[in-house]
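Colleague: I am new to reading helix packing, and I would like some help. Could we go through one example together?

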Amino acid sequence: MRLTLKIWRQADAASEGAMHTYEIDDVSEDMSFLEMLDVLNEELQAKGEEPVAFDSDCREGICGMCGLMINGQAHGPEVTTTCQLHMRSFKDGDEIVIEPWRADAFPVVKDLCVDRGAFDRIIQAGGYISVNTGSAPEAHATPVPRDDALRAFNVATCIGCGACVAACPNGSASLFMGAKITHLGELPQGQPERDTRVVEMVGQHDHEGFGGCTNIGECTAACPKEIPLDVISRLNWDLHAAMRHGL
Ligand code: SF4
Ligand code: FES
């Protein structure tokens with residue numbers, strides 16, 4: 001395939017950015033999207049030009065490092081991570097617009113790399129959970145109903161990629177936060193700090209500059225792990241419960 005790429009280039013957080021156009025030939029439909037960018041970067045380096053900076057690590061859809069706006073969609077046209085998107089989703093002659101995550105709380109570091117440290121600070125604000133240390137407890141000492149265990153496991157698949165924020169017109173991190181709150185809130189081990197956890201996490205979320213949720217649903221549509229929208233209901237329920245308890 002021959003493609004035209006329009007890519008956001010920005011030297012650093014303080015500089016003005018702009019779209020740059022590149023032509024690329026010989027793109028195989030079997031390449032991943034990031035491999036296609038690797039090829040572009042090899043060509044740029046061969047010409048003595050600065051390669052395009054973008055984030056990636058596992059390239060297997062599990063670490064959450066990758067993330068690009070591709071033709072205006074977080075992670076592109078498929079429900080998957082950018083690293084698991086393949087060029088067979090495009091056709092010869094296509095023009096592809098590639099931008100960094102769009103959110104005030106994720107400032108651009110360089111080109112397509114953004115700083116997602118705000119997510120780490122939300123997790124950090126949630127604090128610890130109380131568990132007994134020492135030898136391994138007997139397997140049935142803390143029974144967890146099967147449905148609760150499945151629900152906790154499913155929402156624990158959130159990889160912290162930030163697509164939900166990038167897709168949300170309000171730049172809200174409510175889906176990400178709801179996944180974390182639901183994960184711990186379903187389990188006995190998550191109960192002792194349940195009230196303080198939700199209050200602290202929501203406070204940090206707002207402090208970081210993420211917007212509020214208005215039930216638009218773009219977050220769950222963009223989420224590569226299909227985290228359901230109802231985790232935000234759980235988040236709100238827990239927050240109201242904490243307030244009723246005097247926090
Ligand atoms: S909720 Fe989904 S889109 Fe948001 S950070 Fe987690 S995995 Fe990514
Ligand atoms: S690079 Fe790890 S999820 Fe994409």
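Modeller: Happily! Let us begin with a term: two helices count as roughly perpendicular when the angle between their axes is 65 to 115 degrees. Keep in mind that this is a predicted model.

Colleague: Thanks! At what angle do H6 and H8 pack, and how far apart are their axes?

Modeller: In general, two packed helices are described by the angle between their axes and the distance between the axes. Here H6 and H8 pack at about 110 degrees, and their axes are 9 Å apart. H6 and H8 are therefore roughly perpendicular to each other. The crossing in which H6 passes H8 is left-handed.

Colleague: Which residues make the contact between H6 and H8?

Modeller: From H6 come Arg194, Asp195, Val198, Val199 and Val202, while H8 gives Leu235, Asp238, Leu239, Ala241 and Ala242. Sorted by class, this contact has seven nonpolar, no polar and three charged residues.

Colleague: Let me try H5 and H8. What are the angle and the distance there?

Modeller: H5, residues 174-185, packs against H8, residues 230-244, at about 70 degrees, with the axes 8 Å apart. That angle makes H5 roughly perpendicular to H8. H5 also passes H8 in a left-handed crossing. On the H5 side, the contact is made by Ser174, Leu175, Met177, Gly178, Ala179, Ile181, Thr182 and Gly185; on the H8 side, by Val231, Ile232, Arg234, Leu235 and Asp238. The classes in the contact of H5 with H8 are seven nonpolar, four polar and two charged residues.

Colleague: And what happens between H2 and H6?

Modeller: For this pair we need another cut-off: angles over 145 degrees count as roughly antiparallel. The axes of H2 (residues 117-126) and H6 cross at roughly 155 degrees and come within 7 Å. H2 and H6 are therefore roughly antiparallel to each other. Their crossing is right-handed. Arg121, Ile122, Ala125 and Gly126 of H2 meet Arg197, Glu200, Met201, Gly203, Gln204 and His205 of H6. That contact holds three nonpolar, four polar and three charged residues.

Colleague: Now a loop, please. Where is proline 188, and is proline 188 buried or exposed?

Modeller: Proline 188 sits in the loop between H5 and H6, and H6 spans 194-207. A residue counts as exposed if 12 or fewer other C-beta atoms lie within 10 Å of its own. Proline 188 has 12 such atoms within 10 Å, so proline 188 is exposed. Beyond its neighbours within four places in sequence, proline 188 is in contact with Thr142 and Val144. Serine 56 lies 132 residues away from proline 188 along the chain, and 35 Å separate their C-alpha atoms.

Colleague: Let us step back. How many helices and strands are there in the protein chain, and into which domains is the chain divided?

Modeller: There are eight helices and seven strands in the protein chain. The chain is divided into domain 1, covering 3-110, and domain 2, covering 116-244. The centres of the two domains, taken over C-alpha atoms, are 29 Å apart. Their contact takes 17 residues from domain 1 and 17 from domain 2. On the side of domain 1 that touches domain 2, the residues are nine nonpolar, six polar and two charged.

Colleague: What share of the chain do buried residues make up?

Modeller: Of the 247 residues in the protein chain, 35% are buried. To picture the whole, imagine a box of roughly 60 × 40 × 35 Å along the principal axes, filled by the C-alpha atoms.

Note on methods
Residues numbered from 1 in each chain as written. Chains lettered and ligands numbered in written order. Predicted model: local features only at pLDDT ≥ 70, side-chain atom pairs only at ≥ 80, totals over all residues. Axes fitted to C-alpha atoms, helices over the stretch in contact; angles between N-to-C directions. Helix = DSSP H or I, 4+ residues; strand = E, 2+ residues; numbered from the N terminus. Parallel < 35°, antiparallel > 145°, perpendicular 65-115°, else oblique. Left-handed = near helix turned anticlockwise from the far one by under 90°. Contact = placed C-beta atoms within 7 Å. Nonpolar A, V, L, I, M, F, W, Y, C, P; charged D, E, K, R; others polar. Domains from an automatic or database assignment. Buried ≥ 20, exposed ≤ 12 C-beta atoms within 10 Å, placed from the backbone.
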